[in-house]
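Please open the structure in your viewer and keep the selection tool at hand. The stops below are meant to be followed in order, each with something to select and a note on what is there.

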Amino acid sequence: MRFVIIAGFAGSLLNFRGPLLQALLARGHEVHAIAPGLGAGIAEAEQLREMGIIPHDVPMDRTGLSPIADLRLLISLTRLLRRLQPDVTMGYTVKPVVWGTLAAWLARVPRRVALITGLGLSFNEGNGAKQRLLTALVSGLYRAALNRADTVVFQNRDDLALFRDRAILGTDAKTKVVDGSGIDLDRFARVPLPEGPLRFVLVARMIASKGVREFAEAARRTRERHPLVQFDLVGGLDSNPDSVTAQEIDAWQAEKILTWHGQVADVRPLMREAHVVVLPSYYREGVPRSLLEALALGRLIITTDMPGCRETLDGGNNGVLVPPRDAEALAQAMDRLASASCGELLKMSEASHRLAKERFDVHRVNRDMIAVIEGETPAE
């Protein structure tokens, strides 16, 4: 089988889909990867080639809204897929799902899979005219594409329900729900909680909708009550209009309420030094990668009651669920954990790791994904 995966960001192919692509190669399939930033000499392209995957570069602006640029992308993808003649394609994130699926249909690819890894801000509740227009536009694009997909895979049931409720999916659409992207329990093997004062870390792109500003404000309030508690930000600045600025981060550091580590190649050392991984997102996630990593390592979780995020909380056994956009509620959750006993923290750590093993083992998730890709999964 010749399989083509279409991504909006080259790095995600290795960070989020690497184990899936390796599993497909191990089954004897020919694997191609399409994404922007996979030209000759690019590190990600070379890493893919070393794995045995054939990379293809395409012009794609993952955050742009230019109809002309998107039309060019559709034409480019269609021509490339006609040349490759794959048996199966799979796109993930908005533009690869929409334009990749439409291009695969135009190129007469026999089997087309769409992977919905979260809905971002496009489907957040909002009454403004701009938000309503964006939701209507993205809904229409999804509807046009997904009606031409053979199977639509979701990473949480909230997103599937929303697509059903808004008639974005046809009544006869074949769907499958998987537990996020999964996590490698060997690479993110559990380690004991560190000694010393509690340490909180947020790992994400530095964009507002990940709750970065709420994290900073909650850190300020928590340090007033617990001056020895530490706070770390991990992640790079982003081209997204929603990005937090370098000036804001510099001000937080000057105030000594947190430490920013920027983009790091390997998050494990910083996560191992933390007790609690925080993601106060108001972004409609699939299942956030940083929280899956935290579960596997046996770290406690504080996250918001949002689709995808709440999947990582086992009731209150392994952390605290807070409302989105609420710095005070977040500070109260931090205060609660900072005041907990060592025994309570240990029990929550054990619950996190248990949840990772029971639901999010990457090998189990990839078995479900491969069954979809190979056309062997039943509809839900």
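Begin by selecting Ala-43, which is found in helix H3, the helix that covers residues 43–51. As you look, keep in mind that this is a predicted model. With a relative accessible area of 48%, Ala-43 is partly exposed, because that class lies between the 20% below which a residue is called buried and the 50% above which it is called exposed. If you now add Trp-99 to the selection, you will find its C-alpha atom 25 Å from that of Ala-43, the two residues being 56 apart along the chain.

**Helices H5 and H6**

Trp-99 is one of the residues through which H5 makes its contact with H6, so that pair of helices can be the next stop. Select helix H5 (residues 94–106) together with helix H6 (residues 129–146), whose axes come within 8 Å of each other and cross at roughly 40°. H5 and H6 are therefore oblique to each other, since an angle under 35 degrees would be needed to count as roughly parallel. The crossing of these two helices, H5 and H6, is left-handed. To see what fills the contact, show the side chains of Val-94, Val-97, Val-98, Trp-99, Thr-101 and Leu-102 on H5, and, facing them on H6, those of Leu-141, Tyr-142, Ala-144, Ala-145 and Leu-146.

**Aromatic rings**

Keep Tyr-142 selected and add Phe-154 and Phe-163, for these three residues form one aromatic cluster. How many aromatic pairs are there? The count comes to 4. In one of them Phe-154 and Phe-163 meet edge-to-face, with their ring centres 5.4 Å apart and an angle of 85° between the planes. Phe-154 counts as buried because its relative accessibility is 0%, and Phe-163, also at 0%, counts as buried.

A further edge-to-face pair appears when you select Phe-215 and Phe-231, where the centres are 5.9 Å apart and the planes make an angle of 75°. This pair links distant parts of the chain, as Phe-215 belongs to helix H8 (residues 212–225) and Phe-231 to strand E10 (residues 230–234), with their positions 16 residues apart in the numbering. Are Phe-215 and Phe-231 buried or exposed? Both of them are buried.

Two arginines are worth a look beside aromatic rings as well. Arg-17 lies over the face of Tyr-92, at 4.4 Å from the ring centre, while Arg-268 lies over the face of Phe-188, at 5.9 Å from the ring centre.

**Helices H8 and H12**

Return to H8 and add helix H12 (residues 327–338), whose axis comes within 8 Å of that of H8 and crosses it at roughly 45°. That angle makes H8 oblique to H12, and H8 passes H12 in a right-handed crossing. On the H8 side, the residues that meet H12 include Phe-215, which you have already selected, along with Glu-214, Glu-217 and Arg-221; on the H12 side, among them are Ala-327, Leu-330, Met-334 and Asp-335.

**Backbone angles in two loops**

Most residues other than glycine have a negative phi. Select Arg-108, in the loop between H5 and strand E5 (111–116), and note that its phi is near 60°, a positive value in a residue other than glycine. At 75% relative accessibility, Arg-108 counts as exposed. Then move to Ala-167, in the loop between helix H7 (157–165) and strand E8 (175–177), which has a positive phi of about 60° although it is not a glycine. Ala-167 counts as partly exposed, at 47% relative accessibility.

**The loop between E14 and E15**

For the last stop, select Gly-316, which is placed in the loop between strand E14 (300–304) and strand E15 (319–322), and then Asn-318, which lies in the loop between E14 and E15 as well. Gly-316 counts as partly exposed at 44% relative accessibility, whereas Asn-318 counts as buried at 0%. Leaving aside residues up to four places away in sequence, Gly-316 touches Arg-336 and Met-348. With that exclusion, the residues touched by Asn-318 include Met-348, together with Leu-295, Ile-301, Leu-313 and Leu-355.

Conventions. Residues numbered from 1 in each chain as written. Predicted model: local features only at pLDDT ≥ 70, side-chain atom pairs only at ≥ 80, totals over all residues. Heavy atoms only, no water. Phe/Tyr/Trp six-rings, centres within 6.5 Å; stacked < 30°, edge-to-face > 60°. Buried < 20%, exposed > 50% of the residue type's maximum accessible area, 1.4 Å probe, protein only. Helix = DSSP H or I, 4+ residues; strand = E, 2+ residues; numbered from the N terminus. Lys NZ or Arg CZ within 6 Å of the ring centre and 35° of its normal. Axes fitted to C-alpha atoms, helices over the stretch in contact; angles between N-to-C directions. Parallel < 35°, antiparallel > 145°, perpendicular 65-115°, else oblique. Left-handed = near helix turned anticlockwise from the far one by under 90°. Contact = heavy atoms within 4.5 Å.
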